[in-house]
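Me: Please take a close look at one part of this model, the helix packing, and follow it out to the loops and residues around it.

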Amino acid sequence: MTKDKNSEGLHRDLKQRHIRLIGIGACIGVGLFLGSASAIKLAGPAVMLTYAIAGFFIYMIMRALGEMSVSNPVAGSFGRYAHDYLGPLAGFVTGWNYWFLWILTCVAEITAVAIYMGVWFPDVSPWIWAMASLAMMIGVNVASVKIFGEFEFWFALIKVVTIILLIIAGLGMIVFGLGNSGVPVGFSNLWTNGGFMPHGIMGVLLAFQMVIFSYGGIEVIGLTAGEVKNPEKAIPQAINSVPWRVLLFYVGAICVILSIYPWTELGQGSPFVSTFESLGIKSAAGIINFVVITAALSSCNSGIYSTGRMLMNLSNQQQAPGVFSKTTNQGVPKRALALTLAILFLGVMLNYLAPAQLFAWLTSIVATANIATWIIILVTHLKFRQTRSSQNPTVSFKMPWAPFSNYLTIAFLLLVVGVMAWVPETRIGVVLGAGWILYLTIVYFIAYRKRSGAVAEIAK
């Protein structure tokens, strides 16, 4: 039986059930289970509004990406589209910026794995767990895309089941008094501890940075376009499920948590642990510790997958060394993955030598890089629409309300960047993120402009 391959040598072995949970696995990581505590501290119960508003605009971004992915399902996804519709510079900056942000994210996720394994095994050095985790990710990603899909499916499912159980059990306490001597808790905690929006609109705005960090990674659905069976059907189904995912996994879970546990009493730990303990589950810390570890591994797994495909696409565009375009007989860009993993090993080791505030810096840098990627997706979609309109083809999966929705979403993302630049704690992320993009632009003009121009001429 022959494999269904695309023109880049990749195998279309991902199924619909895989990519439905790959998107969840990428965007539901440590940011929700742990980072949500920081967002709650900033916005109070109004953090639900923050998640809902950001979720709406994330959906717009995914619809823009989905329209292009269905029209041209390739592994490079938005990196390739930026190159084709905005030019080689945009493709270069988009591809390398996305590779960089996932490197940072994976370092943070792997570090989290090491820290939370230390809860169970305090006598084992954290770097051992970090290296063991990376070794496992190497095996999953190098074997085949089908194995990657299966791993991601089951690890993402653990997160989904945990959140659903939390919501069901929490609603039992809220409505029926389950675990509270039959006395319903109700929803009053959402407005009785300083009000629904205790820190005003500014608290909501300040929480957007952590929420954007939490949602980062959902665009990996577009990167699966080159390896999923029947992308014309699978991608729209996966993207159209984004709204209810946001409402259920983010807004729903946070609503239950803040109804049971007053937001003023939440510490720096996981709000999920506090809620399960309120439900009478004494082993809540151990359960959530396990879920956080699987969530971090799942997110890192998606990140390694994404960087490998993006680096391969850059190589195909003559914007990275040619060796990274090679795939194995199993359809895996092994050399592209090897570079990513080598950088991750170095990054994890350096992370243990870094200052304690590194995680805050990482989240702000990643949020800035994510926003840059999303803005390029939206701008690319505008150019895509203009080009397609002039050629007058039929587009089967259209972004709603375009181009107005493009401009509105870009305005929202710029607002978030403005707030991050205004706040001292996150300003460094904006400065470093902007500096990185400027550096990529300089590198392009010095090393790749002539090469990319020659490739464009050949393509004509």
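Reply: What follows starts with helix pairs and then moves to cysteines, a short helix and some loop residues.

The model is predicted, so local features need pLDDT of at least 70 and side-chain atom pairs count only at pLDDT 80 or more, while totals for chains, interfaces and linings use all residues. Residues are numbered from 1 along each chain as its sequence is written, and side-chain values use heavy atoms, with hydrogens and water left out.

Two packed helices are described by the angle between their axes and the distance between the axes. Axes here are lines fitted to C-alpha atoms, for helices over the stretch in contact, and angles run from 0 to 180 degrees between N-to-C directions. Helices are DSSP runs (H or I, at least four residues), numbered from the N terminus.

Helix α6 (residues 88-120) packs on helix α14 (residues 284-316) at about 155°, and their axes are 8 Å apart. That angle makes α6 roughly antiparallel to α14 (angles under 35 degrees count as roughly parallel, over 145 as roughly antiparallel, 65 to 115 as roughly perpendicular and the rest as oblique). The contact of α6 with α14 is made by 22 nonpolar, 9 polar and 1 charged residues; Ala, Val, Leu, Ile, Met, Phe, Trp, Tyr, Cys and Pro count as nonpolar, Asp, Glu, Lys and Arg as charged, and the others, Gly among them, as polar. The crossing of α6 and α14 is left-handed, meaning that the near helix is turned anticlockwise from the far one by less than a right angle; clockwise would be right-handed.

α6 also packs with helix α5 (residues 78-86): the axes come within 6 Å and cross at roughly 165°. α5 is therefore roughly antiparallel to α6, and their crossing is right-handed. A further pair is helix α4 (residues 47-71) and helix α17 (residues 404-422), at about 130° with axes 10 Å apart. These two are therefore oblique to each other, and α4 passes α17 in a left-handed crossing.

Next, the cysteines. The structure holds 0 disulfides, a disulfide being a pair of cysteine sulfur atoms within 2.5 Å. For cysteine 300, the closest cysteine sulfur is that of cysteine 106, 3.7 Å away and too far for a bond. Cysteine 300 is buried at 0% relative accessibility (buried means under 20% relative accessible area, exposed over 50%, partly exposed in between, with a 1.4 Å probe and protein chains only). Cysteine 255 is also buried, at 19%.

In helix α3 (residues 36-43), the buried residues are Ser36, Ala37, Ala39, Ile40 and Ala43. They fall within an arc of 160° seen down the axis, so they line one face of α3; the arc is that of the directions from the helix axis to the C-beta atoms. Glycine 44 follows α3 and has a positive phi near 70°. Alanine 43 has its C-alpha 6.6 Å from that of methionine 197, 154 residues away along the chain. Methionine 197 lies in the loop between α8 (145-176) and α9 (200-215) and is partly exposed at 31%.

The loop between α16 and α17 holds tryptophan 401 and proline 403. Most residues other than glycine have a negative phi, and most peptide bonds are trans. Tryptophan 401 has a positive phi near 65° and is exposed at 57%. Alanine 402 and proline 403 are joined by a cis peptide bond, with omega about 5°.
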